[in-house]
Amino acid sequence: MLEQDGQNLLIDTSIDLRQQALKYNIQNIAVVLLTHTHADHIFGLDEIRRYNLVQQKRIPVFLSAESDQELRKVMYYLYETPRQKGGGVSMLDNNILQPYQQSTVCGYTVTALPIHHGQLEIFGYRVNNFAYLTDCSGIPEKTVEKLSGLEVLVLDALRDTPHPTHFSLDEAVAAAERIGAKQTYFTHIAHNLEHEAVNARLPESMQLAHDGLTFLV
Ligand SMILES: [Zn+2]
Ligand SMILES: [Zn+2]
């Protein structure tokens, strides 16, 4: 999540969004960006309804055309006319982004960046001088070009052994070197990466992320 002028931009709505929002006192969500529709990235969308209630407005969601289609199937009840009163659902306005489209959203400059997630092409996002590339097993050259001059990059690194749909740690380090952000944090980490031991063998400019990590960009 990014915070700028009191407006929070959230990338993906993880299953534990409710617990994280309470733990870290997230007071508002101005906009949501979705990378893809795998369950671990969208199953917190139902929690957005609480922010609708508090903020008294619908919340924009930015996503690919493919994710939009999939979301309307998986969470159909968010996009159809309610059959009865009561039991409110999240009120979302989907906005489709084309690959490499740049938009100004709530004061943030957002660029949708195609990345490979196994056979799938999903979106990573550049937001100002920050980028978030989760669930990534390959990065097209054009996307790398759009990632120059980053302060902070958050990048997928699942584990040491190779995986068909996620970067291994070695692959992630190589990609991070190619991109050359001032600081890279690895995310989507499996249990078999021991936090302190792995950080000790990584350069200081590349470290494992953790829940509650904060930084300035
Ligand atoms: Zn995924
Ligand atoms: Zn995932």
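What spacing do the donors of the zinc ion (ligand 1) follow along the chain? They run H-x1-H-x78-H-x17-D. Keep in mind that this is a predicted model, and let's walk through it from the metals outward.

The protein donors of the zinc ion (ligand 1) are His36 through NE2, His38 through ND1, His117 through NE2 and Asp135 through an OD oxygen. These donors lie 2.1 to 2.2 Å from the metal. If you're thinking about a geometry label, the angles subtended by the four donor atoms go from 89 to 169°, which makes the arrangement irregular. A tetrahedral label would need all angles between 85 and 135 degrees. Histidine 36 sits in the loop between strand S3 (31-33) and H2, while histidine 117 belongs to strand S7 (residues 108-117), so this pair ties together parts that are 81 residues apart in sequence. Both ends of that link are tucked away: histidine 36 is buried at a relative accessible area of 3%, and histidine 117 counts as buried at 3% as well.

Now for the other metal. Around the zinc ion (ligand 2) the protein donors are Asp40 (OD), His41 (NE2), Asp135 (OD) and His188 (NE2), at 2.1 to 2.3 Å. In sequence these donor residues are spaced D-H-x93-D-x52-H. Here too a distant pair is linked: histidine 41 is in helix H2 (residues 39-42) and aspartate 135 is in the loop between strand S9 (130-133) and helix H5 (141-145), 94 residues apart. The four donor atoms around the zinc ion (ligand 2) subtend angles of 89 to 161°, and that makes this arrangement irregular. Histidine 41 is buried, with a relative accessible area of 5%.

You'll have spotted aspartate 135 in both donor lists. Aspartate 135 bridges the zinc ion (ligand 1) and the zinc ion (ligand 2), and the two ions lie 3.6 Å apart. Is this bridging aspartate 135 buried or exposed? With a relative accessible area of 1%, aspartate 135 counts as buried. Its backbone deserves a look too: phi of aspartate 135 is near 50°, a positive value in a residue other than glycine.

Aspartate 12 has a positive phi too, about 70°, although it is not a glycine. You'll find aspartate 12 in the loop between strand S2 (7-11) and helix H1 (17-23), and it is buried at a relative accessible area of 7%.

Zooming out, the protein is divided into domain 1 (1-96) and domain 2 (100-217). Taken over C-alpha atoms, the centres of domain 1 and domain 2 are 22 Å apart. The contact takes 24 residues from domain 1 and 22 residues from domain 2. Between them the two domains bury about 1800 Å², with 65% of it on carbon and sulfur atoms. On the domain 1 side, Leu2, Gln4 and Thr35 lose the most area to domain 2, together 28% of what that side buries. How many salt bridges does the rule find across the interface of domain 1 and domain 2? Zero.

One last stop is asparagine 199, placed in helix H7 (residues 195-201). At 15% relative accessibility, asparagine 199 counts as buried. Leaving aside residues up to four places away in sequence, asparagine 199 touches Gln207 and Leu208.

Terms used: Residues are numbered from 1 along each chain as its sequence is written. Chains are lettered from A and ligands numbered from 1 in the order in which they are written. This is a predicted model: local features need pLDDT of at least 70, side-chain atom pairs count only at pLDDT 80 or more; totals for chains, interfaces and linings use all residues. Side-chain values use heavy atoms; hydrogens and water are left out. Donors are N, O and S atoms within 2.8 Å of the metal (3.2 Å for Na, K and Ca); water is not among the atoms, so sites may look incomplete. Four donors count as tetrahedral if all angles lie between 85 and 135 degrees; four count as square planar and six as octahedral if opposite donors are over 155 degrees apart and all others between 65 and 115; anything else is irregular. Helices (H or I, at least four residues) and strands (E, at least two) are DSSP runs, numbered from the N terminus. Buried means under 20% relative accessible area, exposed over 50%, partly exposed in between (1.4 Å probe, protein chains only). Domain bounds come from an automatic or database domain assignment. Contact means heavy atoms within 4.5 Å. Buried area is the accessible area (1.4 Å probe) that two parts lose on being put together, summed over both. A salt bridge is a side-chain nitrogen of Lys or Arg within 4 Å of a carboxyl oxygen of Asp or Glu.
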